[in-house]
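User: Could you zoom in on one backbone oddity for me and then work outward to the packing and the pocket? Keep it relaxed, but give me the cut-offs as you go.

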Amino acid sequence: MSEPLVSVTVRQREPAQRLAEREAVAASMTVERLSAFYGKFQALADLTFPIHPAAVTAVIGPSGCGKSTFIRCLNRLHELTPGARVSGRVLLDGVDIYDPAIDPARVRQLIGMVFQKPNPFPHLSVYDNVLAGIRLHRSRIPKPQADEIVERSLRAAVLWDEVKDKLGAPGSSLSGGQQQRLCIARALAIEPEVLLMDEPTSALDPIATYHIEELIAELKQRYTIVIVTHNMQQAARVADYVAFFLGGEERTGRLIEFDTAEQIFTNPKRRETEEYITGKIG
Amino acid sequence: MTGTQLRTTVGTDTEFQPRLPLRRKVGAVFGALTVVAMAIGLLTLAALIVDVVRDGWTVLSWDFIRSFPSRRPSEAGIRSALIGTVYIMVLVAIIAFPLGVSAAVYLEEFAPKNRLTSFIELNISNLAAVPSIVYGLLGLGIFVRALTLGPSLIAGALTLILLILPIIIIAGREALRAVPPSIREAGYALGASRWQTVRMFVLPVAMPGILTGTILALSRAIGETAPLITIGALTYIAFTPKSLLDPFTVLPIQIYNWVSRPQPAFHQLAAGGIIILLAMLLTFNGLAIVLRARLQRQIRD
């Protein structure tokens, strides 16, 4: 089993010292015995695995295995659905984000999210879309500071050069790929610790997808990233760690295997993982 | 193979018969029927406008707009009615809009989805269908008598507000429901509270729809006669209201008054009043269309 199951070039690992430096500044998360419910239906059962700092953790698995539910548990978005609830713990740098003393709005500010379909605010310009998150916390931002935040965020999302001359245009006038990068810039503007991405490229064409994947590789220098994807090649290209979920008979998502991307794609321990990544199931 | 299949429109030896000519004929007949239906509505409006303009054209002048009503048709005008209508509409708009939008926001964004909420929703739809005269009786009982406001400007405005509030609430809820859930999620994911999400992201996107609904509701209120007569609005007023508690009249009442006179000269005055009322109404509706188009363009591209 030394031959990779999916044809990918496994990226060159960084020197250990630089990696240690990055991990010291980025946040880590831990999922402990996490279960999620919609009313009586249990969507996720008893998940436990770490989310390593300054690295990309990909969640893969067939449709309906609870990938999206899982990622929505990481920033407490799941509980907004009527009847939805969660049990277990999700730690951000050792603090349980489900602690009753913790404000979910604060959790969501520290753990940014990018959605499947680009969703820039249609009534706001590119400029105001980037600032939307900051304006929730501070209604007045001095113009020079606002300009600086907009430029920094758009540069971080590798969108600045494409939109710097049309910052006043509505966010929805950009192309799909640009809109998604605008949403990333919007999430980065409020300086999160972790970035969640729920199938961020499933609505995009291959070139826009390529740009987003390049961006993810760039962003993990500073941010801890969790990405849900149903595209195995994508997981292999961008991820450092992979969690494989499977729904089973009663459609309750369970963690089948968690390991480094290298291990999962070249030498999975579980038979189900191997069958899934070689295309036999799912 | 495909070429021959395309050319012979009716498959001879297969079970499946597309019957394209028949389908095309049915389509054409139905198309013609819809054109007739549309023409009936349009011709009615055209006939109405032509008839009214022919009758009332001669009385239209600055004097007609500037003068108070009079016993002598040659001196009569619509000043008090026009000003009364403008006052009433302004009052109705500034009170009904925030009330209606707030109620819609509560029902759509904050209320728990349970039986009580759906019971309230059902009854708001019922209220929108209640005949306007019933609202007149309600206004007479509450505003004119119980609150002793008398047949005043404010009592008239409050009565009309009750009448159009359900319409604004329904239009507002539909506009809010049309905002995609992804917008709300984007707001929450940035750390917005529920109220911030509604105020900063959902309401602005729903605003074109809300405004259109409100303006259409107002244009319903502008033509109402029965509830205002019920609360005791005067049919003859030779002064303009100076305060909210002064008596008033509005254009439809003035028109009704003139039409019920026997002299033909007053009928011409009524036609003149109708032209002014229709012009205001069309201006309102035009405004709604322009507003919607502008806000939507802003949002779309």
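Analyst: Asp46(A) counts as partly exposed because its relative accessibility is 40% (under 20% relative accessible area is buried, over 50% exposed, partly exposed in between, with a 1.4 Å probe and protein chains only). This is a predicted model, so local features need pLDDT of at least 70 and side-chain atom pairs pLDDT 80 or more, while totals for chains, interfaces and linings use all residues. Residues count from 1 along each chain as its sequence is written, chains are lettered from A and ligands numbered from 1 in the order written, and side-chain values use heavy atoms, without hydrogens and water.

Back to the oddity: Asp46(A) isn't a glycine, yet its phi is positive, near 55 degrees. It sits in strand β2 of chain A, residues 41-51 (strands are DSSP E runs of at least two residues, helices H or I runs of at least four, numbered from the N terminus). Thr148(B) is another non-glycine with a positive phi, about 50 degrees. Thr148(B) is in the loop between α6 (132-146) and α7 of chain B, and counts as exposed because its relative accessibility is 63%.

Now for some buried polar spots. His123(A) is in the chain A loop that runs between β6 (111-114) and α4 (126-137), and it counts as buried because its relative accessibility is 18%. A polar atom of the His123(A) side chain lies 2.9 Å from the backbone oxygen of Met200(B). Over in helix α7 of chain B, Arg173(B) counts as buried because its relative accessibility is 11%. Its side chain makes a polar contact with that of Glu108(B) at 2.8 Å (N or O atoms within 3.5 Å; within protein one must be able to donate a hydrogen and the other to accept it, and sequence-adjacent residues count only if both atoms are side-chain atoms). Beyond four places in sequence, Arg173(B) is in contact with Ala104(B), Leu107(B), Glu108(B) and Glu121(B) (contact means heavy atoms within 4.5 Å).

Next, the helix that follows the His123(A) loop. Nine of the twelve residues of α4(A) are buried, among them Val126(A), Tyr127(A), Val130(A) and Ile134(A). These buried residues pack against α5 (143-156), α6 (160-163) and α7 (176-189) of chain A, plus α8 and α9 (194-222) of chain B. Val126(A) and Val130(A) are also among the contacts of Leu154(A), with Leu159(A), Trp160(A) and Leu182(A) included too.

Leu154(A) is one of the best-connected members of the largest nonpolar core, which has 120 residues (buried Ala, Val, Leu, Ile, Met, Phe, Trp, Tyr and Cys joined through side-chain atoms within 4.5 Å). The largest share of this core, twelve residues, is from α7(B). A separate core of 33 residues includes Ile51(A), Ile71(A), Ala243(A) and Tyr188(B).

Last stop, the largest pocket, with a volume of about 590 Å³ (an open set of 1 Å grid points with protein on both sides within 12 Å along at least five of seven lines, where lining residues have an atom within 4 Å of a point; volume is the space filled by probe spheres set on the points). It has 19 lining residues, and the closest to its centre are Leu80(A), Pro82(A), Arg184(B), Tyr188(B) and Arg194(B). α8(B) gives the largest share, four residues.

Definitions and conventions. On a 1 Å grid over the protein atoms alone, a cavity is a set of points where a 1.4 Å probe fits but cannot get out, and a pocket is an open set with protein on both sides within 12 Å along at least five of seven lines; lining residues have an atom within 4 Å of a point.
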